[in-house]
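Dear colleague,

I am passing on the structure below, together with some notes on what turned up when I went through it. Please look it over first, and then read on.

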Amino acid sequence: EPFVADEYIERLAWRTPGGGSRGGEAFDPKRLLEEFVNHIQELQVMDERIQRKVEKLEQQCQKEAKEFAKKVQELQKSNQVAFQHFQELDEHISYVATKVCHLGDQLEGVNTPRQRAVEAQKLMKYFNEFLDGELKSDVFTNSEKIKEAADIIQKLHLIAQELPFDRFSEVKSKIASKYHDLECQLIQEFTSAQRRGEISRMREVAAVLLHFKGYSHCVDVYIKQCQEGAFLRNDVFEDAAILCQRVNKQVGEVFSNPETVLAKLIQNIFEVKLQSYVKDQLEEYRKSDAEQYLKNLYDLYTRTTNLSSKLMEFNLGTDKQTFLSKLIKSIFIPYLENYIEVEIGYLKSRSAMILQRYYDSKNHQKRSIGTGGIQDLKERIRQRTNLPLGPSIDTHGETFLSQEVVVNLLQETKQAFERCHRLSDPSDLPKNAFRIFSMLVEFLCTEHIDYALETGLAGIPSSDSKNANLYFLDVVHQANTIFHLFDKQFNDHLMPLISSSPKLSECLQKKKDIIEQMEVKLDMGIDRTLNCMIGQMKHILAAEQKKTDFKPEDENNVLIQYTNACVKVCGYVRKQVEKIRNSMDGKNVDTVLMELGVRFHRLIYEHLQQYSYSCMGGMLAICDVAEYRKCAKDFKIALVLQLFDTLHALCNLLVVAPDNLKQVCSGEQLANLDKNILHSFVQLRVDYRSARLARHFS
């Protein structure tokens with residue numbers, strides 16, 4: 001354990017008699033000092049002894065180090081000698097090897113011509129048999145030696161091609177006939193071995209046929225037999241994938257060029273099986289049913305590309321991506337060339353049918369909005385003056401906007417975008433996507449939303465109509481919801497297709513233009529609706545407010561807290577405020593409510609200016625304005641509440657004592673108002689003509 005001096009001294013003191021209070025024994029410092037001195041002497045003796053031992057060990061270590069260094073030097077010298085011997089041996093071995101190689105080259109130079117001569121002699125022997133017209137050699141008569149016969153006949157066939165035809169026509173014909181017979185036998189043998197599943201025999205025969213002209217026919221036979229019984233289910237694409245997976249495992253064991261054979265099998269599947277299947281599925285609907293045709297085209301193209309992705313796992317040569325792309329293109333090029341025209345035509349007819357079916361369900365004959373000079377002139381006049389041009393139309397509360405119609409149109413367009421993404425050439429994708437987007441704008445925005453806005457505008461009654469039903473806010477509410485759906489599809493489905501092309505700015509501008517165009521009509525409709533609301537309030541005030549309300553005959557017998565006109569106006573305003581909140585969202589709610597609140601304030605302000613007020617009538621007017629102010633709180637707009645607070649302060653001028661007029665006018669709420677406004681309210685008092693009041697106010 002580590003040595004700790006304090007603990008060591010403690011133990012020493014504890015063991016010394018009289019060194020502590022152990023067992024009641026008295027402490028004896030002299031005895032403890034004596035013990036410490038003796039122990040220190042023992043430690044010094046021990047230290048000297050250990051020091052001598054250390055010096056002895058150091059001397060021994062130095063001696064052994066010198067001996068070890070001497071031994072290492074001797075070993076290095078021995079190693080250098082051994083290395084020199086090794087170099088000499090290596091040089092000798094290289095010399096002998098050079099001699100052996102030279103001798104081998106000489107032997108090969110002698111042996112190779114000899115082997116060629118022997119082989120040429122054998123070929124001449126077999127050639128003579130063909131010249132004589134009788135094949136006697138065992139290699140031609142024994143069926144088990146077909147491999148050797150094939151090698152010989154292949155060489156003879158090459159030789160025969162070099163011979164002049166006029167002298168050797170007969171023998172050339174015999175060799176060619178035998179060449180053809182052997183080729184047929186080998187192909188037949190390969191076919192039988194494939195049916196028996198003998199991979200080793202197939203590999204052996206294929207290796208022999210590799211040098212024959214009929215090798216490609218052998219591959220064709222193999223491909224044909226592979227497909228027997230492979231396409232029995234309804235899913236030709238899954239069958240093709242399974243077949244290629246199975247053949248991929250086998251083809252490497254049979255052929256020396258497996259990637260070429262597998263590529264040829266895949267090409268055969270695409271050009272025969274898949275092409276005929278695709279043609280059967282598409283030609284049936286090409287002219288009769290555009291919807292089913294597009295669905296089938298998208299499904300077949302998707303499944304074909306998925307199959308291609310699976311086949312990419314196999315070794316098909318250097319550029320398998322291009323190879324498979326060409327195969328897919330060869331199948332679908334007749335259908336993809338005019339795909340977008342079919343898509344646009346179908347989308348146009350389908351969208352028109354969805355809209356017409358909706359209007360028919362409403363028993364509504366769609367009005368022609370009209371275009372051209374007169375309509376444009378009307379539109380400009382209406383935008384600048386906000387006047388209703390033409391007769392008002394009673395829509396019976398119908399907005400002519402349908403979320404079901406919108407969802408159907410967006411769903412059709414979404415599917416069109418998906419098909420466009422899959423079926424369009426990458427260079428044509430942005431252009432095609434823009435055309436589909438244009439169809440959506442035409443039918444959803446122009447033919448449906450814009451038509452509903454035009455109809456809604458035409459249905460807004462004039463501001464002086466009595467008991468008018470205001471449905472335009474319902475149009476606003478539904479249009480707002482539809483805009484959100486339209487914008488979501490724009491971002492989710494169109495943007496990925498055009499994000500990196502010049503068509504992006506064109507689409508964004510088109511979207512901006514159509515939204516701005518509709519916002520103008522929405523703003524116009526909301527403005528006219530607010531005018532109608534103010535008009536309704538005017539009718540209520542004109543019908544319910546009496547002059548005697550603010551100048552009662554009996555000043556001491558007024559029992560009401562506020563007038564009947566005030567109650568009805570506040571009830572009407574609260575309903576409209578709630579309707580506006582339900583119809584809009586975001587900052588639009590505050591903007592419209594602020595505009596309504598300002599107009600509401602102006603109406604009440606001008607309305608109060610029409611009457612004369614007695615003292616009790618002024619109190620009743622203050623009560624009315626207090627109720628209007630309470631109603632204004634529902635707007636939750638600071639400006640509107642401030643306006644009614646000021647109006648309430650102005651009404652105090654109707655009842656305040658003449659001596660206090662100046663004090664009230666200089667109060668916090670009225671100090672910043674124009675003096676003419678204050679004067680106009682003071683003039684409404686019945687006692688204004690009294691010299692005392694005029695003097696105090698002046």
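**Surface patches**

With a relative accessibility of 52%, which is over the 50% cut-off, Asp-523 counts as exposed. Please keep in mind throughout that this is a predicted model. Asp-523 belongs to helix α17, which covers residues 503-544, and together with Asp-513, Glu-516 and Glu-519 this residue forms a negative patch on the surface.

A patch of another kind, nonpolar and with an area of about 310 Å², is made by Leu-43, Met-46, Ile-50 and Val-54. Of these residues, Leu-43 sits in helix α2, which spans residues 29-132, and Leu-43 counts as partly exposed because its relative accessibility is 38%.

**Salt bridges**

The structure holds 29 salt bridges, and I describe a few of them here. One of them joins the side chains of Arg-419 and Glu-343, with a distance of 2.8 Å from N to O. This pair links distant parts of the chain, since Arg-419 is in helix α14 (residues 403-423) and Glu-343 is in helix α12 (residues 339-361), with their positions 76 residues apart in the sequence. Both Arg-419 and Glu-343 are buried.

The salt bridge between Glu-291 and Lys-295, at 3.3 Å from N to O, lies within a single helix: both residues are found in α10 (residues 290-311), four residues apart, or about one turn of the helix. Glu-291 is partly exposed, with a relative accessible area of 27%, and Lys-295 also counts as partly exposed, at 39% relative accessibility.

Glu-189 and Arg-196 meet through their side chains in a further salt bridge, at 3.8 Å from N to O, and these two residues belong to a network of salt bridges that also links Glu-198, Arg-201 and Glu-204. Within that network, Glu-189 counts as partly exposed at 25% relative accessibility, and Arg-196 counts as partly exposed at 46%.

**Aromatic pairs**

The count of aromatic pairs comes to 16. One of them is formed by Phe-437 and Phe-490, whose ring centres are 5.4 Å apart and whose planes stand at 65 degrees, so the pair is edge-to-face, a term that applies to angles over 60 degrees. Because Phe-437 lies in helix α15 (residues 429-459) and Phe-490 in helix α16 (residues 472-498), the pair ties together parts that are 53 residues apart in sequence. Phe-437 is buried, with a relative accessible area of 1%, and Phe-490 likewise counts as buried, at 3% relative accessibility.

Another pair is that of Phe-600 and Tyr-628, where the ring centres are 5.9 Å apart and the planes are at 90 degrees, so that this pair is edge-to-face as well. Phe-600 lies in helix α19 (residues 587-608) and Tyr-628 in helix α20 (residues 615-633), so the pair ties together parts that are 28 residues apart in sequence. Phe-600 and Tyr-628 are both buried, and they form one aromatic cluster with Phe-635 and Phe-644.

**A glycine in helix α20**

Helix α20 is also the place of Gly-617, which is buried, with a relative accessible area of 0%. The C-alpha atom of Gly-617 is separated by 6.5 Å from the C-alpha atom of Asp-549, although the two residues are 68 residues apart along the chain.

**Backbone angles**

Finally, two residues may deserve a look for their backbone. Phe-400 has a phi near 60 degrees, which is a positive value in a residue other than glycine, and Phe-400 lies in the loop between α13 (373-385) and α14. Phe-400 counts as buried, because its relative accessibility is 7% and the cut-off for buried is under 20%.

Lys-636 also has a phi near 60 degrees, again a positive value in a residue other than glycine, and its place is in the loop between α20 and α21 (638-651). Is Lys-636 buried or exposed? At 68% relative accessibility, Lys-636 counts as exposed.

With best regards

Definitions and conventions: Residues numbered from 1 in each chain as written. Predicted model: local features only at pLDDT ≥ 70, side-chain atom pairs only at ≥ 80, totals over all residues. Heavy atoms only, no water. Patch = residues over 30% accessible without salt bridge, like charges linked within 9 Å, V, L, I, M, F, W, Y side chains within 5 Å. Areas by Shrake-Rupley, 256 points an atom, 1.4 Å probe, with all protein chains shown as cover. Salt bridge = Lys/Arg side-chain N within 4 Å of Asp/Glu carboxyl O. Lys, Arg positive; Asp, Glu negative; His and termini not counted. Charge placed at Lys NZ, Arg CZ, Asp CG, Glu CD. Helix = DSSP H or I, 4+ residues; strand = E, 2+ residues; numbered from the N terminus. Buried < 20%, exposed > 50% of the residue type's maximum accessible area, 1.4 Å probe, protein only. Phe/Tyr/Trp six-rings, centres within 6.5 Å; stacked < 30°, edge-to-face > 60°.
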